[in-house]
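Student: I would like to learn how to read strands, sheets and cores in a model. Could you take me through a case?

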Amino acid sequence: MPTSVRVRVPAKINLSLAVGPLRDDGFHELATVYQALSLFDTVEIADRADGAGVRLTVGGGEARSVPEDHTNLAWRAAEAAAEAFNRSADLDISITKGIPVAGGMAGGSADAAAVLVGCAAMWGGGDRTDLAAIGARLGSDVPFSLVGGTAVGSGRGENVAPAMTKGRFHWVLALSEGHLATPKVYAEIDRLRAGELVPAPMIAKSVLQAVRGGDAAALGRALVNDLQPAALSLMPTLGMLLELGPEHGALGSIVSGSGPTCAFLVADEEAAMELTLALSSSGLCRTVRRATGPVPGATVLLG
Ligand code: C5P
């Protein structure tokens with residue numbers, strides 16, 4: 001067994017996100033289709049076995065705003081893995097951020113998933129089902145970060161089933177200035193829907209059909225996010241950003257998860273370049289990135 005590993009883990013977006021009623025446990029029932037995109041964090045983990053506990057450093061990208069203590073989900077993942085594997089969490093964890101921070105692209109969940117996969121590789125055992133169960137306790141998106149690809153999520157998002165896809169989809173991601181805290185966005189959707197009878201969430205069949213057929217135009221039309229009105233209500237400038245999509249050839253434009261990153265689906269690499277230029281010069285976002293999906297979930301890198 002190796003005593004150190006390097007794990008690569010992707011960002012995610014929600015191709016569809018239906019938000020049901022608020023549950024008694026404070027979460028909302030979801031029906032979502034996730035897709036993992038080619039923006040990656042790299043997580044290096046070394047087992048020191050010296051009794052000194054977790055040591056965490058974060059570098060790359062926008063690392064400055066990421067905590068390096070026990071409030072980081074990766075730290076908590078290390079402790080949860082150690083408990084499950086009956087080991088001590090004497091781990092050096094070094095995260096290199098390539099996933100936008102606090103953007104609604106599951107960067108924190110991705111790092112937690114990477115730690116779980118890394119610990120399983122070092123310590124042996126722990127199949128993906130076990131890891132998903134540990135991951136689900138850490139955060140709703142962690143089980144998806146383990147599997148990646150395109151998948152249907154239910155429950156609070158933690159029950160994941162792979163979905164068939166054909167081909168590769170091209171995305172442009174616009175990272176907005178400012179921050180939207182996930183709990184606040186969920187609270188805002190409750191406020192906007194106060195007094196309404198909220199139905200049980202349903203998976204968008206049109207999204208599944210479009211990804212199965214590799215039909216980007218159909219997928220662009222089918223993208224849907226129930227959290228979008230809440231994100232726009234809290235950050236109205238996102239509306240202007242989304243409008244730039246259709247003006248510059250996007251097949252579909254959507255707020256990613258709870259935002260504030262906006263995801264634009266385009267036909268190909270050339271369309272991605274064109275939209276990237278338009279978004280970059282709009283003054284409405286701090287960074288623009290291109291990505292493709294689906295890509296695999298947390299993967300141990302060899303060598
Ligand atoms: O599971 P995770 O830590 O990502 O959730 C963060 C917050 O987002 C929760 O505390 C909750 O306020 C909200 N949430 C929710 N319903 C979900 C997932 C998240 O209300 N299904």
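Tutor: What follows goes through strand pairing, a sheet, a helix, the cores and a few ring contacts. Keep in mind that this is a predicted model.

Student: What does it take for strands to form a sheet?

Tutor: Strands of a sheet pair through backbone hydrogen bonds, and the pairing is either parallel or antiparallel. Take strand β1, residues 4-22. With β2, β1 pairs in the antiparallel sense over 16 bridges. K12, for example, has A36 in β2 as its bridge partner.

Student: How many residues lie between β1 and β2 in their hairpin?

Tutor: There are 5 residues between them, and G26 in the turn has a positive phi of about 90°.

Student: In which sense does β1 pair with β8, and in which with β12?

Tutor: With strand β8 (residues 224-225) the sense is parallel, over 2 bridges, and L17 stands opposite N225 there. With strand β12 (residues 299-301) the sense is antiparallel, over 3 bridges, and V7 stands opposite V300.

Student: Is β1 mostly covered or mostly open?

Tutor: Mostly covered: of its 19 residues, 14 are buried.

Student: How do I read a strand order?

Tutor: Strands are listed as they lie side by side in the sheet. Here 4 strands form an open sheet in the order β9-β10-β7-β11, with antiparallel pairing. The edge strands, β9 (252-255) and β11 (287-293), each pair on one side only. From one strand to the next the twist averages 25°.

Student: How many bridges join β7 to β10?

Tutor: Strand β7 (residues 169-175) and strand β10 (residues 262-266) are joined by 5 bridges. L173 has A263 in β10 as its bridge partner. Helix α10 (residues 269-280) packs on this sheet, where it touches β7, β10 and β11. The direction of α10 makes about 160° with that of β11.

Student: Which residues of helix α9 are buried?

Tutor: In α9 (residues 237-247) they are L238, G239, L241, L242, L244 and G245. Their cover includes β7, α8 (228-234), β9, β10 and α10. Just after α9, G249 takes a positive phi of about 90°.

Student: How do I read a nonpolar core?

Tutor: Look at its size, then at the residues with the most contacts inside it. The largest one here has 67 residues, and those with the most contacts within it are L15, I93, V115, W171, L173 and L219. Helix α2 (residues 107-123) gives the most to this core, with 11 residues. V115 touches V43, I45, A74, A77, A78 and I93, leaving aside residues up to four places away in sequence. A second, separate core has 28 residues, among them A230, A231, L238 and L242.

Student: What should I look for in ring contacts?

Tutor: Check the distance between centres and the angle between planes. The structure holds 2 aromatic pairs. In one of them, Y34 and F144 are stacked, at 4.5 Å centre to centre and 10° between the planes.

Student: Why does this pair tie together parts that are apart in sequence?

Tutor: Y34 lies in strand β2 (residues 28-47) and F144 in helix α4 (residues 142-147), so the pair links parts that are 110 residues apart in sequence. Y34 is buried, at 1% relative accessible area, and F144 is buried too, at 1% relative accessibility.

Student: Which charged residue sits over the ring of F40?

Tutor: The charged end of R8 does, 3.8 Å from the ring centre. In another case, R156 lies over the face of F27 at 4.7 Å from the ring centre.

Methods:
Residues numbered from 1 in each chain as written. Predicted model: local features only at pLDDT ≥ 70, side-chain atom pairs only at ≥ 80, totals over all residues. Heavy atoms only, no water. Core = buried A, V, L, I, M, F, W, Y, C linked by side-chain atoms within 4.5 Å. Buried < 20%, exposed > 50% of the residue type's maximum accessible area, 1.4 Å probe, protein only. Contact = heavy atoms within 4.5 Å. Phe/Tyr/Trp six-rings, centres within 6.5 Å; stacked < 30°, edge-to-face > 60°. Lys NZ or Arg CZ within 6 Å of the ring centre and 35° of its normal. Pairing = 2+ DSSP bridges. Axes fitted to C-alpha atoms, helices over the stretch in contact; angles between N-to-C directions.
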